[in-house]
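Open the structure in your viewer and keep the selection tool at hand. We will go stop by stop.

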Amino acid sequence: VRDRTAELEQAKEEIHQLSISDELTGLLNRRGFFLLAEPALELARRNGHSCLLAFLDVNGLKRVNDVYGHDVGDTLIGDVATVKHETLRKSDIIARMGGDEFCVLASEPEGELSVLRKRIFDAFETFNQTHDRPYSLSASVGLLHVRPADTGTLEQLLGRADELMYEEKRASADSRK
C-alpha cells in the first residue's frame, strides 16, 4: 500500500509539472507563470518592493518557419528560452506564454528597466556571435516597472507590458522604412 501510494504521489507530481510547463522549452507555461507570479507580485507589494515585468515577442519566427521549416523555428524558440534562462536570475519567473511570446517577472530587480533590457539584448548578441544558426535571435520587449502602489492585476500589468512591446515593434518597423 505504501509503495502504491508513493507511486500515485509521484504520478500526481508529474502531472502537475506537465500542467505548468511548456513542453518545447521546459520553461513555465502561461498557467505556471500565473501560479508563481501572482503570489510573488503580492509579496513584493506587501514588502514595499518594486518588480519589473517584461513581455517579449520573438522577431522573425514566421520567416524562419516559412524559409527553414518548423523544426528550425522550434530550435529558435528553444534558443531564446535557453538564453533567457542562462541570463536572468534564478529568482526571476520566466515563462513561454505561447507561440513566440515570453514573460519575465523580476521581483527585487537589480537596477532599472534599462539594466534588464541591456542584459537581454547583450545575451542575444553574444548568442548570435557564438552560434552558427540560419537566424539571429531578436525580440521586441515591453518593460514595465511595477511599483508597490500599483494595484493592477497581473493580467492588467501583462496587458500594459504587451502594449509597450507593440509600441517598440511598431517603432522598429517604422525606423526600417
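The tour below starts at a sheet, crosses to a helix and ends at one side chain.

This is a predicted model: local features need pLDDT of at least 70, side-chain atom pairs count only at pLDDT 80 or more, and totals for chains, interfaces and linings use all residues. Residues are numbered from 1 along each chain as its sequence is written, and side-chain values use heavy atoms, with hydrogens and water left out.

**Stop 1: the sheet.** Select the four strands of the open sheet, ordered E2-E3-E1-E4. Their pairing is antiparallel. Strands (E, at least two residues) and helices (H or I, at least four) are DSSP runs, numbered from the N terminus. Two strands pair if DSSP finds at least two bridges between them. E2 (93-98) and E4 (139-146) stand at the edges with a single partner strand each, so one side of each has no neighbour in the sheet. On average, neighbouring strands are turned by 15° against each other, direction ignored.

**Stop 2: E2 and E3.** Now select residues 101-107, strand E3. Five bridges join E3 to E2. Click Gly98: its bridge partner in E3 is Glu101.

**Stop 3: the helix.** Select residues 30-46, helix H2. H2 lies across E1 (51-58), E2, E3 and E4.

**Stop 4: Arg45.** This residue is in H2. Is there a salt bridge at Arg45? Arg45 has none, yet is buried. A salt bridge needs a side-chain nitrogen of Lys or Arg within 4 Å of a carboxyl oxygen of Asp or Glu; buried means under 20% relative accessible area (1.4 Å probe, protein chains only). Asp150, the nearest side chain of opposite charge, is 4.4 Å away. Finish at Gly152: the Arg45 side chain reaches the backbone oxygen of Gly152 at 2.5 Å.

Technical notes
Buried means under 20% relative accessible area, exposed over 50%, partly exposed in between (1.4 Å probe, protein chains only). Lys and Arg count as positive and Asp and Glu as negative; His and the chain ends are not counted. A polar contact is a pair of N or O atoms within 3.5 Å; within protein, one must be able to donate a hydrogen and the other to accept it, and residues adjacent in sequence count only if both atoms are side-chain atoms. Axes are lines fitted to C-alpha atoms, for helices over the stretch in contact, and angles run from 0 to 180 degrees between N-to-C directions. Contact means heavy atoms within 4.5 Å.
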